[in-house]
Amino acid sequence: MSAFQQRVFSGVQPTGNLHLGNYLGAIQKFVDLQDNYDCMYCVVDMHAITVWQDPNELRDNIREVTAAFLAAGIDAKKHIVFNQSRVPQHAELAWVFNCVARMGWLNRMTQFKEKAGKDRENASVGLFAYPALMAADILVYRGTHVPVGDDQKQHLELARDIAQKFNNDFADSIAANGHADGFFPLPEPLITGPATRVMSLRDGSKKMSKSDASDLSRINLRDDAEQIAAKIRKARTDPEPLPSEAKGLEGRREADNLVGIYAALSGDSRDKVLSEFGGGQFSSFKQALADLCIEKLAPITSEMRRMQADTAYIDSVLEDGGVRARELAQGTMDQVKDIIGLLR
Ligand code: AQP
């Protein structure tokens with residue numbers, strides 16, 4: 001039996017173009033976890049500003065992600081939905097973690113290398129320190145489970161390393177403060193199901209991403225039925241018919257991606273999907289995929305649009321969530337200060 005109360009934490013950045021990858025890799029799982037865990041779902045706006053954001057667009061995007069959470073079925077009364085910057089303890093704990101994490105650890109983060117590109121000298125310090133803030137996001141609530149897409153695996157491992165090093169560095173003080181099993185849990189990534197890394201519809205070697213210059217590469221949660229159908233029709237494939245078993249998808253990245261998307265949307269395995277579509281041509285499979293995608297996304301996207309028009313309601317959800325999150329976060333920060341020897 002773990003000494004830590006189980007708690008789910010995860011976040012989505014309000015950087016525009018929320019897409020099917022964000023939905024299948026993260027938001028859909030957030031919804032499923034609600035029945036079995038206490039959950040905190042955060043619009044991570046302080047992560048967004050590690051890259052410059054237009055202030056008006058940022059405000060809209062924060063509300064859009066919140067609307068997506070609610071429209072997908074997250075219960076903000078039973079669980080906690082809030083935006084990160086309302087809870088200053090995230091930044092406070094991130095500073096402590098900046099002092100625990102090692103330069104070498106952060107230097108290994110592939111996301112920083114990809115996002116900073118060749119011009120590393122010109123990247124923000126925030127972009128480099130991003131994983132320490134992410135560790136703080138989770139651990140300021142002593143979160144134990146983190147549903148994320150596959151791209152966040154390395155950051156989650158870093159969060160575990162930071163938690164472990166904090167527990168080791170301050171072991172005596174932690175014990176003296178009454179914690180027999182360390183102060184921070186080692187948060188577990190929940191990376192499960194057939195769509196942990198949804199790939200670009202134009203290039204099966206790149207993940208579907210908000211910042212891809214080609215809008216055809218992704219299905220946006222803002223897209224209407226016609227746009228979804230057109231993007232799936234134009235999605236890259238190969239000339240072979242679909243295999244009848246999942247192992248036949250090996251080395252066929254684009255086919256694997258489309259079958260994975262179908263499986264995640266229908267709640268079936270790749271094998272089950274291929275038992276229906278194996279041997280067939282892509283054209284009929286794409287039609288079925290477009291229909292399924294529209295059937296699953298249309299109710300969410302129309303509810304999102306309705307909610308986004310009611311900014312007062314969205315803002316009230318975030319405010320209420322912020323109050324409840326701050327109370328929990330302050331409890332952790334008080335203990336962290338006692339453990340590390342800061343007077344309060
Ligand atoms: N393609 C994806 N497949 C599966 N899961 C994905 N996620 C993102 N892309 C995919 C998951 O969605 C959650 C929220 O992601 P985020 O907004 O915090 O940041 P991100 O990973 O940087 O998103 P993008 O779309 O890839 O943005 P850019 O273009 O800025 O790099 C996370 O759980 C993530 O794993």
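A residue counts as buried when its relative accessible area is under 20%. That cut-off applies to Phe128, which at 16% relative accessibility is buried. The structure described here is a predicted model.

**Aromatic pairs**

The structure holds 15 aromatic pairs. One of them joins Phe112 and Phe128, and because the ring planes stand at 80°, with the centres 5.1 Å apart, this pair is edge-to-face. Phe112 belongs to helix H6 (residues 110-116) and Phe128 to helix H7 (residues 125-139), so the contact ties together parts that are 16 residues apart in sequence. Phe112 is buried as well, with a relative accessible area of 9%. Phe277 and Phe285 form another edge-to-face pair, and both of these residues are buried. The two pairs are set out below.

| Aromatic pair | Distance between centres | Angle between planes |
|---|---|---|
| Phe112 and Phe128 | 5.1 Å | 80° |
| Phe277 and Phe285 | 5.1 Å | 70° |

In addition, Phe97, Phe166, Phe170, Phe183 and Phe184 make up one aromatic cluster.

**Nonpolar cores**

Phe285 also appears in the largest nonpolar core, which has 65 residues. Phe285 is among the residues with the most contacts inside that core, together with Leu20, Tyr23, Leu24, Ile27 and Phe69. Helix H13 (residues 282-308) gives the most to this core, eleven residues. At least three residues of the core come from each of domain 1 (7-196 + 310-340) and domain 2 (215-306). Apart from neighbours within four places in sequence, Leu24 is in contact with Lys29, Ala195, Val198, Ile261, Ala264 and Leu265. There is also a second, separate core of 47 residues, including Val87, Leu93, Ile162 and Ala329.

**Asn257**

Val198, a contact of Leu24, is also in contact with Asn257. Asn257 sits in helix H11 (residues 253-266). With a relative accessible area of 6%, Asn257 is buried. Outside the neighbours within four places in sequence, its other contacts are Arg197, Met199, Ser200 and Leu201.

**Strands E1 and E2**

Strand E1 (residues 7-12) is mostly covered, with five of its six residues buried. Six bridges connect E1 to strand E2 (residues 38-43), and the two strands pair in the parallel sense. One of the bridges links Val12 to Val43 in E2. Between these strands the chain passes through helix H1 (residues 20-33), giving a β-α-β crossover that is right-handed.

Conventions
Residues numbered from 1 in each chain as written. Predicted model: local features only at pLDDT ≥ 70, side-chain atom pairs only at ≥ 80, totals over all residues. Heavy atoms only, no water. Buried < 20%, exposed > 50% of the residue type's maximum accessible area, 1.4 Å probe, protein only. Helix = DSSP H or I, 4+ residues; strand = E, 2+ residues; numbered from the N terminus. Pairing = 2+ DSSP bridges. Right-handed = clockwise from strand over helix to strand, strands pointing away. Core = buried A, V, L, I, M, F, W, Y, C linked by side-chain atoms within 4.5 Å. Domains from an automatic or database assignment. Contact = heavy atoms within 4.5 Å. Phe/Tyr/Trp six-rings, centres within 6.5 Å; stacked < 30°, edge-to-face > 60°.
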